[in-house]
Amino acid sequence: MRLLIVGTLKGQLTTATKIAMENGATVTHAEDHDQAMRVLRGGKGADLLLVDVALDIRDLVMRLEAEHIHAPIVACGITNDARAAVAAIHAGAKEYIPLPPDPELIAAVLAAVANDSRELVYRDEAMAKVIKLAQQIAGSDASVMITGESGTGKEVLARYVHMRSARAKRPFISINCAAIPEHLLESELFGHEKGAFTGAIARRIGKFEEATGGTLLLDEISEMDVRLQSKLLRAIQERVIDRVGGTRPVPVDIRIIATSNRNLVDAVREGTFREDLLFRLNVVNLKIPPLRERPADILELAQHFVKKYADANGVPLRPISAEARRVLSANRWQGNVRELENTMHRSVLMAQGDEIGPDAILTPDGDRLDLAKTPPAVAHATFAAEQVTRALVGRTVADVERDLILETLKHCLGNRTHAANILGISIRTLRNKLNEYSDGGIPITPAGTPGEYPRMPMVGA
């Protein structure tokens, strides 16, 4: 956690610095906006700016936006004047802290920014295997690829690996490759020299240099343009980067962790991701299962979130009723841990009585989770899948295979070549199977004549 304190409030900011450092933050000081911008451009970076409310906060916000520097601002002042606090928020500050600083309040702000509250909570064996592998490789400098659906906790796991590595006391820098426009991402990663492009008013150090000595998280790397991937590959292989507009390479010492919610092997086939970059990044793969495949984690996480949000909102800590537990366990959680967290936050706020019952387990629209209306298409697909599953239970594999082959052949009006292609088997295998069925007295759809079978749709049409 890197904190930049901007201002010269005598004594008060010194106390804030001490509290921040006691909570594990690295603190840098700047007397005014100009010095603050030099610090931010120079590679020290900041996860949070604590700014004297007497300074022009709106001007600082505009400067940060102009140079595409992303860091939240918390205003602070020695007065409890509500108008000063409101003005700071309107100017772009995220929060206002009165001085002298309250230790618990500053600790809470730092924890919120650093995401320290996002703990690794698990009980399911499927997740335990992933954590065990993460622990085994954390101490190395090997590149790590973390994959899984959105909301499964990929960034949380990346921080877990960093905090158990030899680089734990050095920076953990994260950049979301999907959230930054393509024409700005190169500068964000590698930095730029003054005048390199319109708006480059000064040298700017990129995330690679900020992360030197520590860990760089490339979040959703599958969204990076393939042309930029070649420059990233060189940086990883040779441990040097070129700033945009630069004339000489800059050495860097970082560990790379990348995440993706897509299948990168498929992306390689589609030509949207470089195969050599995948090999370089995918030294170790930590694949996080979706929450629906970790049933033992659902209630464990639910209880964790109930305590977390009861404390945060100052409401009584209520146990989850047996019926509510059944509702939680039965849900599919398409949004994974993120969806479960939001649901339990709502339940803490909506619950009445001594327990959190099913009436408090609600969708964002306010419907009970177990009574929420399912879209017709989803309901139909679910019903069809259940019907197919029931039809398969109690039958042998040979029987199911026979019916699949015969139905496919019937669909193709007897055309053996099309049927074999759809089934993914050779024409010889198909003919052998059909001869076997015919010898057993089973009728076979006769071969169709050209033009009698339906035209097969193109994949993706």
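I began with helix α13 (residues 295–313), where Lys-307 and Asp-311 sit four residues apart, about one turn of the helix. Their side chains form a salt bridge, 3.1 Å from N to O. I looked up the accessibility of both: Lys-307 is partly exposed at 45%, and Asp-311 is exposed at 53%. I note here that the model is predicted.

Next I took the salt bridges as a whole. The search of the whole structure gave 33 of them. In helix α11, I picked out Asp-266 and Arg-269, which are three residues apart, or about one helical turn. Their side chains meet in a salt bridge at 2.6 Å, N to O. Asp-266 has a relative accessible area of 31% and is partly exposed, while Arg-269, at 64%, is exposed.

I also found a network of salt bridges linking Arg-2, Asp-47, Lys-207 and Glu-210.

I then turned to Arg-274. Its side chain meets that of Asp-276 in a salt bridge at 2.7 Å, N to O. Arg-274 is partly exposed, with a relative accessible area of 28%, and Asp-276 is partly exposed at 34%. The backbone nitrogen of Arg-274 has another partner: the side chain of Gln-229 reaches this atom at 2.8 Å.

That led me to Gln-229, in helix α10 (residues 226–238). Is Gln-229 buried or exposed? I recorded a relative accessible area of 0% for Gln-229, so this residue counts as buried, the cut-off being under 20%. Leaving out residues up to four places away in sequence, Gln-229 touches Met-224, Thr-272, Phe-273, Arg-274 and Leu-277.

For aromatic pairs, my count came to one. The pair is Phe-190 with Phe-208: the ring centres are 5.2 Å apart and the planes are at 25°, so I entered the pair as stacked. Phe-190 belongs to helix α8 (residues 182–190) and Phe-208 to helix α9 (residues 207–210), so the pair ties together parts 18 residues apart in sequence. Both Phe-190 and Phe-208 are buried.

Last, I checked the largest nonpolar core, which has 32 residues; Phe-208 is among the members that touch the most others, along with Leu-189, Leu-216, Leu-218, Ile-221 and Leu-281. Elements that each supply at least two residues of this core include β7 (172–176), β8 (215–219), β11 (255–260) and α12 (275–281). Helix α10 gives the largest share, five residues. Setting aside neighbours within four places in sequence, I listed the contacts of Phe-208, among them Leu-232, Ala-235, Ile-241, Val-252, Ile-254 and Ile-256.

Conventions: Residues are numbered from 1 along each chain as its sequence is written. This is a predicted model: local features need pLDDT of at least 70, side-chain atom pairs count only at pLDDT 80 or more; totals for chains, interfaces and linings use all residues. Side-chain values use heavy atoms; hydrogens and water are left out. Buried means under 20% relative accessible area, exposed over 50%, partly exposed in between (1.4 Å probe, protein chains only). A polar contact is a pair of N or O atoms within 3.5 Å; within protein, one must be able to donate a hydrogen and the other to accept it, and residues adjacent in sequence count only if both atoms are side-chain atoms. Contact means heavy atoms within 4.5 Å. Rings of Phe, Tyr and Trp (its six-membered ring) pair if their centres lie within 6.5 Å; planes under 30 degrees apart count as stacked, over 60 as edge-to-face and the rest as tilted. A nonpolar core is a set of buried Ala, Val, Leu, Ile, Met, Phe, Trp, Tyr and Cys residues joined through side-chain atoms within 4.5 Å. A salt bridge is a side-chain nitrogen of Lys or Arg within 4 Å of a carboxyl oxygen of Asp or Glu.
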